[in-house]
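Hello,

Here is the structure I promised to pass on to you. Please have a look at it first, and then read my notes below.

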Amino acid sequence: MGENQERFARQIKKGVMEMLVLELLAKEPGYGYELLTRLGQAPGGTLQVKEGTLYPILYRLEEEGMLKSDWQAGPSRAVPKKVYTITPAGLSLLKEQKKAWQQFQQDVAFVLDGKEQTDEI
């Protein structure tokens, strides 16, 4: 991926990361490293993020009441993990964000497909 393409992908990722985190947690609760792994499984590799990107999103969503967390000990670990779960408010926000994303995709496709009208003078 070229430098311009990487920069463009980073900007898009910034705009959708919150929605993707909410979507993953709507499917099943998870902890930070697990969410990083699940994002990294996207075939194009563009959703790989670092802890420094993910954790501030998790903390902010929790502070806003969109997520809740509990410390849970895993079966093979003595050290507990902070497991995040989406709240009803988070599900509502996710629904709004998905609707906005779908509209955005349609509008971008409209322009890229050349369907916009130009006013000729």
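**The sheet**

Strand 2 and strand 3 run antiparallel and are joined by 6 bridges. Please keep in mind that this is a predicted model. One pair to look for is Trp 71, which stands opposite Lys 82 in strand 3.

Strand 3 (residues 81–86) also has a partner in strand 1: 2 bridges join them, and again the two run antiparallel. Here Gly 30 has Tyr 84 of strand 3 as its bridge partner.

Put together, the 3 strands make an open sheet with the order 1-3-2 and antiparallel pairing. Strand 1 (30–31) and strand 2 (67–72) are the edge strands, each pairing on one side only. As general background, strands of a sheet pair through backbone hydrogen bonds, either parallel or antiparallel.

**A serine in strand 2**

Is Ser 69 buried or exposed? This residue of strand 2 has a relative accessible area of 18%, under the 20% cut-off, so Ser 69 counts as buried. Its side chain joins that of Glu 62 in a polar contact of 2.5 Å. Beyond its neighbours within four places in sequence, Ser 69 is in contact with Glu 62, Lys 82, Val 83 and Tyr 84. You have already met two of these: Lys 82 stands opposite Trp 71, and Tyr 84 is the bridge partner of Gly 30.

**The two helices**

In general, two packed helices are described by the angle between their axes and the distance between the axes. For helix 1 (residues 3–27) and helix 2 (residues 32–40), the axes come within 11 Å and cross at roughly 105°. The two helices are therefore roughly perpendicular to each other. Which residues make the contact? Helix 1 contributes Met 17, Leu 20, Leu 24, Leu 25 and Lys 27, while helix 2 brings in Leu 35, Arg 38 and Leu 39. By type, the residues of this contact are 6 nonpolar and 2 charged, with no polar ones.

**An arginine in helix 1**

Last, have a look at Arg 10, also in helix 1. Its relative accessibility is 44%, so Arg 10 counts as partly exposed. If you would like a distance to try in your viewer, take Arg 10 and Ser 76: they lie 66 residues apart along the chain, and their C-alpha atoms are separated by 36 Å.

Enjoy exploring, and do write back with any questions.

Best wishes

Terms used
Residues are numbered from 1 along each chain as its sequence is written. This is a predicted model: local features need pLDDT of at least 70, side-chain atom pairs count only at pLDDT 80 or more; totals for chains, interfaces and linings use all residues. Side-chain values use heavy atoms; hydrogens and water are left out. Axes are lines fitted to C-alpha atoms, for helices over the stretch in contact, and angles run from 0 to 180 degrees between N-to-C directions. Helices (H or I, at least four residues) and strands (E, at least two) are DSSP runs, numbered from the N terminus. Angles under 35 degrees count as roughly parallel, over 145 as roughly antiparallel, 65 to 115 as roughly perpendicular and the rest as oblique. Contact means heavy atoms within 4.5 Å. Ala, Val, Leu, Ile, Met, Phe, Trp, Tyr, Cys and Pro count as nonpolar, Asp, Glu, Lys and Arg as charged, and the others, Gly among them, as polar. Two strands pair if DSSP finds at least two bridges between them. Buried means under 20% relative accessible area, exposed over 50%, partly exposed in between (1.4 Å probe, protein chains only). A polar contact is a pair of N or O atoms within 3.5 Å; within protein, one must be able to donate a hydrogen and the other to accept it, and residues adjacent in sequence count only if both atoms are side-chain atoms.
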